[in-house]
Amino acid sequence: MTQNSTIYDQKLAFRIDEACHALGIGRTSLYELAKTGQINLIKIAGRTVVPRSEIERLTSVDSGA
C-alpha cells in the first residue's frame, strides 16, 4: 500500500454504511436502488455488501450520450 492510498482503495466490497457514505446517499436510497435493480448487493458470510464494481458502475459518467 502506498502512502497516498487508503483502505478504501484496497477494498473489493463495502458494508452498506460505507457504500452509502461513498455514494452520498442514505440507506433507504441504497436499498431502493437495489430493489429496482440499479445496483446489485451480495451476501458474504451472512453480511450484505456492495461490490466496488457496482459503485464504480453506478457512478461512471457515460460521455457518449
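Start by selecting Leu33: beyond its neighbours within four places in sequence, it is in contact with Ile25, Gln38, Ile39 and Leu58. Keep in mind as you click around that this is a predicted model.

**The whole chain**

Now zoom out and colour by secondary structure. You should find four helices and three strands, and reading along the sequence gives you the pattern α-β-α-α-β-β-α. Of the 65 residues in the protein, 23% are buried. Switch on a surface and you're looking at about 4800 Å² of exposed area, with carbon and sulfur atoms supplying 51% of it. As for how the chain folds back on itself, take the contacts between residues at least 6 apart in sequence: 43% of them join residues at least 24 apart.

**The sheet**

Next, select the strands. The three of them make an open sheet with the order β1-β3-β2, and the pairing is antiparallel. β1 (13-15) and β2 (42-44) sit at the edges with a single partner strand each, so one side of each has no neighbour in the sheet. Neighbouring strands here are turned against each other by 50° on average, ignoring direction. If you want a reminder of what holds such an arrangement together, strands of a sheet pair through backbone hydrogen bonds, either parallel or antiparallel.

Take the β1 side to begin with. β1 and β3 pair in the antiparallel sense over three bridges. Pick Phe14 and look across to β3: the residue standing opposite is Val50.

Then cross to the other side of β3 (residues 47-51), where β2 also pairs with β3 in the antiparallel sense, over three bridges. Select Lys43 and you'll find its bridge partner in β3 is Thr48. Ile44, in turn, stands opposite Arg47 in β3.

**The hairpin turn**

Follow β2 into β3 and you go round a hairpin with two residues between the strands. Stop at Ala45, in the loop between β2 and β3. Check its backbone angles: phi is near 55°, a positive value in a residue other than glycine. Is Ala45 buried or exposed? At 85% relative accessibility, it counts as exposed.

**Helix α2**

Now bring up α2 (16-23). This helix lies across β1 and β3, running at about 100° to β1. Show side chains and pick out the buried ones: Ile16, Glu18, Ala19, Cys20 and Leu23. A handy thing to remember while you look down the axis: an α-helix has 3.6 residues a turn, so residues three or four places apart point the same way.

One name on that list is worth a click of its own. Glu18, in helix α2, is buried at a relative accessible area of 9%. What does the side chain of Glu18 make a polar contact with? Draw a distance to the side chain of Lys11 and you'll get 2.7 Å.

Walk off the end of the helix and you come to Gly24, whose phi is positive, near 75°. A little further on is Gly26, in the loop between α2 and α3 (27-35). Gly26 is partly exposed, with a relative accessible area of 37%. Compare its position with Ile16, ten residues away along the chain: the two C-alpha atoms are separated by 9.5 Å.

**The nonpolar core**

Time for the inside. Select Phe14, Ile16, Ala19, Cys20, Leu23, Leu30, Leu33, Ile39, Val50 and Ile55 together, and show them as spheres: these ten residues make up the largest nonpolar core. α2 and α3 each supply at least two of them, and the largest share, four residues, comes from α2. The broader background is that in soluble globular proteins, nonpolar side chains tend to be buried together. Some stops from earlier turn up again here, including Leu33, where you began, and the facing pair Phe14 and Val50.

**Last stop: Glu54**

Finish in helix α4 (residues 52-59), where you'll find Glu54. Glu54 counts as buried, at 10% relative accessibility. Setting aside residues up to four places away in sequence, Glu54 touches Ile39 and Asn40. Which backbone atom does the side chain of Glu54 reach? Put your distance marker on the backbone nitrogen of Asn40, at 2.7 Å. Ile39, the other residue touched by Glu54, is one of the core residues you have just selected.

How values were computed: Residues are numbered from 1 along each chain as its sequence is written. This is a predicted model: local features need pLDDT of at least 70, side-chain atom pairs count only at pLDDT 80 or more; totals for chains, interfaces and linings use all residues. Side-chain values use heavy atoms; hydrogens and water are left out. Buried means under 20% relative accessible area, exposed over 50%, partly exposed in between (1.4 Å probe, protein chains only). A polar contact is a pair of N or O atoms within 3.5 Å; within protein, one must be able to donate a hydrogen and the other to accept it, and residues adjacent in sequence count only if both atoms are side-chain atoms. Contact means heavy atoms within 4.5 Å. Accessible areas come from the Shrake-Rupley method with a 1.4 Å probe; for residues, only the protein chains shown count as cover. Two strands pair if DSSP finds at least two bridges between them. Axes are lines fitted to C-alpha atoms, for helices over the stretch in contact, and angles run from 0 to 180 degrees between N-to-C directions. A nonpolar core is a set of buried Ala, Val, Leu, Ile, Met, Phe, Trp, Tyr and Cys residues joined through side-chain atoms within 4.5 Å.
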